[in-house]
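Student: Please take one part of this structure and go through it closely. I would like to know how it is placed and what its side chains meet.

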Amino acid sequence: NKDLGELESQLQEFNMFEALDLVQSEIRHSNFIAWIMDPKETHGMGDYFLKRFLFMVAKTGRQAQVQTLSAIDVDAWELSRTGVLREWHNLDITITNDDDDKQFVVVIENKVQSAESPGQLHRYREFVESQMAKYQQVFVYLTPDGRRPENDDEAEHWINVSYLDLCETFEQAQLARSSLMGDSVKEFIRQYLVMLRRHV
């Protein structure tokens, strides 16, 4: 069977993330996501991946009636100076922009296997609201299946995003900008996305 042969070939293909046993590591996933979304990083794509992610979050949040950014604004913004932080005050990923015309903060809580601890999302949200009151605030709960937070009181504040949403967003961005990317970057991103679809 031709299709089965192609599938077996793909499954036998070397994958660096599998070889390094990083499939279930939330820290490594967060590192990769922060890297690919940071406009100043070495992938050479500027703010393109970040804008596609924020556009997806804006669309998902609007559909769920959760506070979010405007998709129209995101599409028009130039985000080359946007900061992407890891583990800032224990927040998995924090995206901030300080420009006068677009002050916003997007917090991503990433869960690959575990659920949030009791009160965790509430504490994170209260901290950001107190420290960054002047910023438009968006809270993203990233999980393999896009599930809601276990604390129902927090569900109305957090946008549920799945790893499938993330994977499709990055695949679309990679396809749109493939001709501008270096071969090593393309292969690095491709292997990450293959690993996501296999395991996460």
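Tutor: The account below follows helix α3 and its aromatic contacts, then turns to another ring pair for contrast. The model is predicted: local features need pLDDT of at least 70, side-chain atom pairs count only at pLDDT 80 or more, and totals for chains, interfaces and linings use all residues. Residues are numbered from 1 along each chain as its sequence is written, and side-chain values use heavy atoms, without hydrogens and water.

Helix α3 (a DSSP run of H or I, at least four residues, numbered from the N terminus) covers residues 26-37. Its 12 residues should span 16 Å (1.5 Å times one less than the number of residues), and the end C-alpha atoms are 16 Å apart, so the two agree. Buried residues (under 20% relative accessible area, 1.4 Å probe, protein chains only) in α3 are H29, S30, F32, I33, A34, W35, I36 and M37.

There are eight aromatic pairs (Phe, Tyr or six-membered Trp rings with centres within 6.5 Å; planes under 30 degrees apart are stacked, over 60 edge-to-face, the rest tilted). F32 and Y192 are stacked, because their ring centres are 3.8 Å apart and their planes are at 20°. Since F32 lies in α3 and Y192 in helix α9 (residues 183-199), the pair ties together parts 160 residues apart in sequence. Both F32 and Y192 are buried. Together with W35 and F188, they form one aromatic cluster.

The rings of W88 and F127 have centres 5.5 Å apart and planes at 55°, so that pair is tilted. W88 is partly exposed (20% to 50%), with a relative accessible area of 26%, and F127 is also partly exposed, at 22%.

Methods
Helix = DSSP H or I, 4+ residues; strand = E, 2+ residues; numbered from the N terminus.
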